[in-house]
Amino acid sequence: MNRMKVGVLGATGMVGQNYLSLLDNHPWFEVVYVAASPRSAGKTFAQAVAGRWLMARPIPEPVHDLIVADANDVTQAVGQCDLVFSAIESDKETIRRLEEAYAAADIPVVSNNSAHRATADVPMMVPEVNWEHAELIKDQRQQRGWTRGLIAVKPNCSVQSYVTPVYALKQAGYPVSAMIVSTMQAVSGAGYPGPSSYNMIDGIVPYIGGEEEKSEREPQRILGQRSNGQIIPDTSIKIAAHCNRVAVIDGHTACVSLKFADRKPCLDEVKAIWQSFVSEPQRLSLPSAPIPAMIYREEPDRPQPRLDRDAGKGMAVTLGRLRSCPVFDIRFVGLSHNTIRGAAGGAILMAELLKAKGYM
Ligand code: NAP
């Protein structure tokens, strides 16, 4: 199969570097283009990230000497990229306009940025949960007059550890009506260099700007239904989130209490639902689909970021500590790798899904 030629916007950043590592030798996608801010533009990629390459593996050989383009200049990508992954950090209005300009130039955009997460005709997907929202792209293209271009976005990295287990329960006939989530989020979630060591060592920061709102709102849209060119959020689930930044490099952990809408499964049934969960990415054998999608750990002290974040090459959600809840019905701990499943890896899986479904 001819590989699609892809560009990474924001390639020098935390998420961008994860893209380059994950896309090295990808069977469907080949990185031919890297772009970042005007500060990096014109340098070779290796020069641009000198002293700030943060991946365990060296810079992939095919991108080492690529000249970094200015991500704000869409014309440079035209004719070079069949698809761009967007991992730029900038103000929301700039990102919104820029991603639309790429799509209007016939370049599909798969984005990690939050700028388009509430845009009515833009699907925000966790491929195991709402792959059917990809159909919104037909409305998007019709409304905007795009033929090849599209915009699809990933949700916030905090939601990956609890939205899939909640969806699996809903699918099995046990919809959830309320949940309280306390997240412990890794410093890599704030990009590089992130919060200062003085703030993080010996500390927990009980505030991440905008994160609680996203953690409460985005799952409702992901679990919502497509209707008349938009997604009607599932507001039957009420969510209260407490988001904390902790001194962990990678891996967001969530302690979750759930209340069921009506019928309540027993704990063994919940575990069985999670362990047997298979969804569209697994059925389609997408290259980045983790099998299994969710792992349940029986040990009383798991999951833990250092031990479990790399499960399924960083794409699986690890669950544990399932027990009954004296206030709601059940409680558990979920963990996922924020820069892989929660960012670059999750977006690559979404791009694979869009390709497999014929949108690109
Ligand atoms: P980061 O490490 O700060 O990297 C930011 C990237 O954006 C760099 O490549 C930077 O280029 C580029 N950039 C900055 N200003 C720009 C401008 N004016 N024009 C064009 N490019 C510009 O951030 P990150 O953590 O990778 O996050 C990237 C995006 O992904 C953000 O929207 C973030 O919210 C989202 N996200 C992050 C995570 C995570 O776990 N980190 C998870 C989900 C989503 P230079 O190197 O040239 O400055």
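**Close-up views of the ligand site and three loops**

**View 1. Two helices contribute to the shell around the ligand.** In this predicted model, α1 (14–23) and α13 (340–356) each supply at least two residues of the shell around the ligand, where helices (H or I, at least four residues) and strands (E, at least two) are DSSP runs numbered from the N terminus. Residues are numbered from 1 along each chain as its sequence is written, and side-chain values use heavy atoms, with hydrogens and water left out. Because the model is predicted, local features need pLDDT of at least 70 and side-chain atom pairs count only at pLDDT 80 or more, while totals for chains, interfaces and linings use all residues.

**View 2. The ligand lies between two domains.** Domain 1 (4–156 + 344–356) and domain 2 (158–337) both give residues to the shell, so the ligand lies between them; the domain bounds come from an automatic or database domain assignment. Of the 26 residues around the ligand, T12, V15, S37, S40 and N113 come nearest, a residue being near if one of its heavy atoms lies within 4 Å.

**View 3. Polar contacts reach oxygen atoms of the ligand.** A polar contact here is a pair of N or O atoms within 3.5 Å; within protein, one must be able to donate a hydrogen and the other to accept it, and residues adjacent in sequence count only if both atoms are side-chain atoms. A polar side-chain atom of N113 is 2.7 Å from a ligand oxygen, a polar backbone atom of M14 is 2.8 Å from a ligand oxygen, and a backbone N or O atom of G191 is 3.5 Å from a ligand oxygen. Taken alone, the ligand exposes 910 Å², of which the protein buries 86%, by the Shrake-Rupley method with a 1.4 Å probe, where for residues only the protein chains shown count as cover.

**View 4. Two cis peptide bonds precede prolines in loops.** One cis bond joins Y192 and P193, with omega about 5 degrees, and P193 is in the loop between β7 (176–185) and α8 (197–200). Another joins R302 and P303, with omega about 5 degrees, and P303 is in the loop between β12 (294–297) and α12 (305–308).
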